[in-house]
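Please open the model in your viewer and keep a selection panel at hand. The tour below moves from one pair of elements to their individual faces, and ends with the whole chain.

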Amino acid sequence: MPPDSPLPEPHRPRAELRASHEDREAVAERLREAAGDGRIDLEELEERLERAFAAKTYGDLEPLTADLPPPAAAVEAEGRPPLELKGGLHGAERVGRWRVPARIVARGGLGGVKLDFTRADCPWQEVEVEVHGEMAGVTIVVPDGWAVDTTGIDPGIGGVRDKTTPERLPGTPLLRITGAGGMAGATLRHPNRWERRRLRNNPA
């Protein structure tokens with residue numbers, strides 16, 4: 001790293017990061033479902049909901065659902081192999097219309113990997129994208145309104161460039177980015193001008 005380059009920000013544990021309104025509401029919804037299934041009684045539901053809406057960090061939220069089974073979508077995804085893309089020498093990509101699995105592994109290799117979710121069919125509330133930037137890096141194109149969580153990735157030498165906006169629309173997926181940036185790093189962005197023009201000219 002050149003002597004005048006800015007030092008990377010320290011990587012903070014997820015539990016210390018601030019929770020959003022959407023995070024609190026997602027926990028509240030799981031608690032309501034658990035009460036409906038008879039897993040917790042109404043008194044405990046009320047107490048946990050009060051703690052959920054007062055939570056400031058992920059560390060405040062996580063204990064509230066730690067003793068509950070995973071969501072149905074997560075159970076459905078268990079045992080299924082992830083989609084694995086390897087950049088190799090010539091690169092790899094998923095663009096256009098494709099169905100998103102619950103877990104994706106992207107290895108940049110020497111050619112790079114591009115994941116474009118703008119026209120993808122995603123049935124999951126959360127998708128884990130394990131990134132290994134390696135020599136050429138990984139680019140992830142995220143639709144407007146989707147959210148990303150990059151707290152689980154090691155930036156490595158190449159770093160993580162998150163150019164997405166923080167606003168998450170109701171009902172849209174959350175992409176949890178894990179893995180390591182490697183030499184070339186990872187870039188997360190919304191569609192650029194050319195990609196937006198292509199979407200307008202070829203509406204879904």
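Select helix α1 (residues 21-36) together with helix α3 (residues 58-65), whose axes come within 10 Å and cross at roughly 10°; the two helices are therefore roughly parallel to each other. Here axes are lines fitted to C-alpha atoms, for helices over the stretch in contact, with angles running from 0 to 180 degrees between N-to-C directions, and roughly parallel is the word for angles under 35 degrees. Helices are DSSP runs of H or I with at least four residues, strands are runs of E with at least two, and both are numbered from the N terminus.

Next, show the side chains that make this contact (heavy atoms within 4.5 Å): Asp 23, Arg 24, Val 27, Arg 30 and Leu 31 from α1, and Tyr 58, Leu 61, Leu 64 and Thr 65 from α3. Coloured by class, the residues of the contact divide into five nonpolar, one polar and three charged, where Ala, Val, Leu, Ile, Met, Phe, Trp, Tyr, Cys and Pro count as nonpolar, Asp, Glu, Lys and Arg as charged, and the others, Gly among them, as polar.

This is a predicted model, in which local features need pLDDT of at least 70 and side-chain atom pairs count only at pLDDT 80 or more, while totals for chains, interfaces and linings use all residues. Residues are numbered from 1 along each chain as its sequence is written, and side-chain values use heavy atoms, with hydrogens and water left out.

Now keep α1 alone and select its buried residues, which are Asp 23, Arg 24, Val 27, Ala 28, Leu 31, Ala 34 and Ala 35. They cover an arc of only 135° around the axis, which puts them on the same side of α1; the arc is that of the directions from the helix axis to the C-beta atoms. Buried means under 20% relative accessible area, exposed over 50%, and partly exposed in between, with a 1.4 Å probe and protein chains only. On the other side of α1, His 21 and Gly 36 are exposed, and just after the helix Gly 38 takes a positive phi of about 85°. Bring back the neighbours, and what covers the buried residues of α1 is seen to include α2 (42-54) and α3.

Turn then to α3, where Tyr 58, Leu 61, Leu 64 and Thr 65 are buried. They cover an arc of only 120° around the axis, which puts them on the same side of α3, and the buried residues of this helix pack against α1 and α2.

Finally, show the whole chain, which has five helices and 10 strands and in which 38% of the 204 residues count as buried.

Methods: Parallel < 35°, antiparallel > 145°, perpendicular 65-115°, else oblique.
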